[in-house]
Amino acid sequence: MKAIVYSQYGSPDVLQLEDVEKPSPKDNEIRVNIRATSVTAGDVIMRSLNIPGPRWQRLFGRFYLGLLKPKRPILGMEIAGAVDLIGKNVTLFKVGDPVFALTLGTNFGGYAEYKCMPENGMVTLKPNNMTYEEAAVIPAGGITALTMLRKANIRTGQQVLIYGASGSVGTFAIQLAKYFGAEVTGVCSTTNLKMVSSLGADKVIDYTQNDFTQSGETYDVIFDAVGKLTSSHGKKVLKEQGTYLNVLNSSSRIKPVDLTCLRKLAEEGVIKPVIDRCYPLEQIVEAHRYVEKGHKKGNVVISIN
């Protein structure tokens with residue numbers, strides 16, 4: 001099968017298209033013929049080894065990813081495709097089922113034509129109203145936004161500010177916060193104001209023109225969805241009993257039911273992914289270069305024939 005492999009850290013040019021052995025599912029696994037995957041900020045971090053956060057977090061990341069070279073040669077955090085083979089003990093899926101999945105915990109591997117997943121893992125049926133490309137970009141950003149906002153226990157009528165509202169996590173966070181009944185303020189750049197508003201944000205602040213801490217508003221929840229705010233600055237307008245969230249601290253334990261929840265919300269029209277660009281697998285280097293600039297709107301899709 002064709003796959004994008006990297007054997008060293010560095011620029012997008014370390015990513016190489018190669019022929020590798022097609023995986024075979026274990027007794028409790030399904031094999032997915034991948035139709036679409038994505039380039040996330042996490043993929044860029046793992047490829048470059050440019051790990052954000054405090055020193056302990058950077059050290060942990062290096063041990064996890066591999067000190068001298070990558071332990072997991074095929075990147076790709078999220079996938080969508082069709083089941084093409086099942087293990088003898090599989091009961092939850094059948095050949096032909098359209099699925100989408102999060103590959104965290106299964107050594108990634110989305111940048112390939114096939115990927116094996118445990119049937120009781122982070123995989124479920126694809127939303128029936130979405131294409132493979134749309135479904136493929138829901139798991140990482142969607143689950144991060146969902147698990148982070150749950151920590152805040154958002155209630156109807158609360159004021160929620162989302163900083164970095166135009167990214168993958170931010171675009172899902174707007175839609176989910178509105179679903180939970182909040183009044184949402186999104187913070188983004190000038191070019192993304194209209195898009196953020198179209199997702200349901202009640203107010204939008206252009207951070208290139210205005211400092212949200214000077215607006216006179218205070219918030220029950222402030223969510224830094226890109227990890228670029230200092231907590232001292234963000235908390236200036238946090239209410240006394242408010243909750244401050246930073247995507248860099250998204251350590252919640254994720255469960256398959258979270259993915260099932262997102263599928264249900266997608267089918268009900270509550271959430272819809274924002275897709276900025278779509279590249280073929282052969283142009284993965286260009287896709288990484290684009291995402292690395294840090295200005296993508298929502299998600300970048302990789303289409304696989």
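This is a short tour of a predicted model, going from the whole chain to its cores, one helix and a few backbone oddities.

**Whole chain.** Start zoomed out, with the cartoon on. You should be able to pick out 9 helices and 14 strands. The C-alpha trace spans about 60 × 40 × 30 Å along its principal axes. For 305 residues, a compact globule would have a radius of gyration near 19 Å, and the protein's 19 Å agrees with that. Switch on the surface if you like: the accessible area is about 14,000 Å², with 50% of it belonging to carbon and sulfur atoms. Buried residues account for 54% of the 305. Of the contacts between residues at least 6 apart in sequence, 68% join residues at least 24 apart.

**The cores.** Now select I138, L149, I162, I174, F223 and I271 and show them as sticks. In the largest nonpolar core, which has 48 residues, these six touch the most other members. Helix α4 supplies the largest share of this core, 7 residues. Center on I162 next and bring up what surrounds it. Leaving out residues up to four places away in sequence, I162 touches G170, A173, I174, A177, V184, T185, G186, V187, F223 and A225. Then color A3, I51, L65 and A101: they are among the 42 residues of another core, which lies apart from the largest one. In soluble globular proteins, nonpolar side chains tend to be buried together.

**Helix α8.** Select residues 256–267. At 1.5 Å a residue, these 12 residues should span 16 Å, and the end C-alpha atoms of α8 sit 17 Å apart, in agreement. Which residues of α8 are buried? Highlight D258, L259, L262, R263, L265 and A266. Look down the axis: these residues cover an arc of only 165 degrees, so they are on the same side of α8. Add β5 (98–102), β7 (123–125), α4 (139–152) and α5 (168–179) to the view to see what the buried residues pack against. Just after the helix, stop at G269, where phi is positive at about 80 degrees.

**Two more positive phi values.** Most residues other than glycine have a negative phi, which makes the last two stops worth a click. Go to L49, in the loop between α1 (41–48) and α2 (55–65). Phi of L49 is positive, near 65 degrees. Is L49 buried or exposed? Its relative accessibility is 15%, under the 20% cut-off, so L49 counts as buried. Finish at N153, in the loop between α4 and β8 (159–163). N153 is not a glycine either, yet its phi is positive at about 50 degrees.

Definitions and conventions. Residues are numbered from 1 along each chain as its sequence is written. This is a predicted model: local features need pLDDT of at least 70, side-chain atom pairs count only at pLDDT 80 or more; totals for chains, interfaces and linings use all residues. Side-chain values use heavy atoms; hydrogens and water are left out. Helices (H or I, at least four residues) and strands (E, at least two) are DSSP runs, numbered from the N terminus. The expected span of a helix is 1.5 Å times one less than its number of residues. Buried means under 20% relative accessible area, exposed over 50%, partly exposed in between (1.4 Å probe, protein chains only). The arc is that of the directions from the helix axis to the C-beta atoms. Contact means heavy atoms within 4.5 Å. The radius of gyration is taken over C-alpha atoms; the globule rule is 2.2 Å times the number of residues to the power 0.38. Accessible areas come from the Shrake-Rupley method with a 1.4 Å probe; for residues, only the protein chains shown count as cover. A nonpolar core is a set of buried Ala, Val, Leu, Ile, Met, Phe, Trp, Tyr and Cys residues joined through side-chain atoms within 4.5 Å.
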